[in-house]
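Hi,

Here is the structure I said I would pass on. Have a look at it first, and my notes follow underneath.

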Amino acid sequence: MHAEQAIRECLLAAVLPGLSSPLAELADVGPVEQGACEVVLGFPARRQQQQYQDFLQSRLAEQGLECAVSVGWRVASHQGSESAPAMANVRNIIAVASGKGGVGKTTTCVSLAEAFAANGFRTLVVDLDTQANASLLVYGHEGDEHLFQAINDYVTISDWLLENFFAGEHKRLSEFIDTDASDVSYNGKPLELDLIPSSPRLRKTERELIYELTAKGYSMEALQGQVGRRMRDDFEKLKADYDVIICDCPPGISVMTETVLAASHLIIVPTIPDFMSTLGLDLFTGDIMRNLRNRDIENLPCVLPTRY
């Protein structure tokens, strides 16, 4: 058997870490030319690219084969695809909000996002909760390390606020997206799910923004209007790139929450049907409806029981 053929067969039979299907079913393995071979995956793998290259290189070495392997990917666009899911019954921007923690809000948000992504919808999760639990859930394994890196790289929703309202820059939400953030696999391929992560700094940033703008004479309504206009404008641009944008709002009402609720096409309010969880439900949903009606927005929140 020629060395080039042995190399290709070894690569085609390889099963990448975390996947269940051989490369023959997931990638195009190019010809071996001048001691090098390119593997083109049918799914995005930015985060795993180096890991996959090292794995394939070591697999060849185990077989006594020498070849420089490079890993890339090519993903077909949904646009114009006959297999692309129809968007007629899907609302673009979904907010998941609650007046109380511990009712499954973040789990609902991430589960919906993963379900949409698994069905072929281009999906983005926007984490607005300072606890950053949605970010950790999306990142999955070693999520704390990925979140720490996002915070260090200044690419969280808190940094979007800082750049736009403190640094005087005009930064789009699209500049803070961590693409292919999920470590979940579906049908043997990594899930295509993007994320704008949150940060524990968000609460402090929101508070400082309130101090900063109220010191300049802005009312709370004007403050929400400032943030709202910028965020709605950015969401409009993101809707061209995503079929579904799902926002995990912090418990209660905040500047960011009210802004997102006003921009959303669907508002989901998870709850547990027990006394403590439903005690403030009417008040919370009433506040939402009152604030939206004040802005001539007719969206009604949908209450979702998450436990029986």
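Setting aside neighbours within four places in sequence, Thr-108 is in contact with Val-96, Pro-270, Leu-304 and Thr-306. Do bear in mind that this is a predicted model. Thr-108 itself sits in helix 4, which covers residues 105-118. Thr-306 is 198 residues away from Thr-108 along the chain, yet their C-alpha atoms are 8.1 Å apart. And is Thr-108 buried or exposed? Its relative accessible area is 11%, and because that is under the 20% cut-off, Thr-108 counts as buried.

Next, a helix pair. Helix 7 (residues 157-165) and helix 9 (residues 220-238) have axes that come within 12 Å and cross at roughly 115°. The crossing of helix 7 past helix 9 is right-handed. On the helix 7 side, the residues that meet helix 9 are Ile-157, Trp-160, Leu-161, Asn-164 and Phe-165; their partners in helix 9 are Gln-226, Val-227, Arg-230, Met-231 and Asp-234. Sorted by class, the residues of this contact come out as six nonpolar, two polar and two charged.

Last, a pocket to click through. The second largest pocket holds about 340 Å³ of space. Its lining is made up of 17 residues, and those nearest the centre are Pro-17, Gln-48, Gln-51, His-141 and Asp-183. Helix 3 (49-62) and helix 6 (143-152) are the elements that give two or more residues to that lining. By class, the lining of this pocket has seven polar, six nonpolar and four charged residues.

Cheers

Key
Residues numbered from 1 in each chain as written. Predicted model: local features only at pLDDT ≥ 70, side-chain atom pairs only at ≥ 80, totals over all residues. Heavy atoms only, no water. Axes fitted to C-alpha atoms, helices over the stretch in contact; angles between N-to-C directions. Helix = DSSP H or I, 4+ residues; strand = E, 2+ residues; numbered from the N terminus. Left-handed = near helix turned anticlockwise from the far one by under 90°. Contact = heavy atoms within 4.5 Å. Nonpolar A, V, L, I, M, F, W, Y, C, P; charged D, E, K, R; others polar. 1 Å grid on protein atoms, 1.4 Å probe; cavity = no way out; pocket = protein on both sides within 12 Å on 5 of 7 lines; lining within 4 Å. Points joined across faces, edges and corners; volume = space filled by probe spheres on them. Buried < 20%, exposed > 50% of the residue type's maximum accessible area, 1.4 Å probe, protein only.
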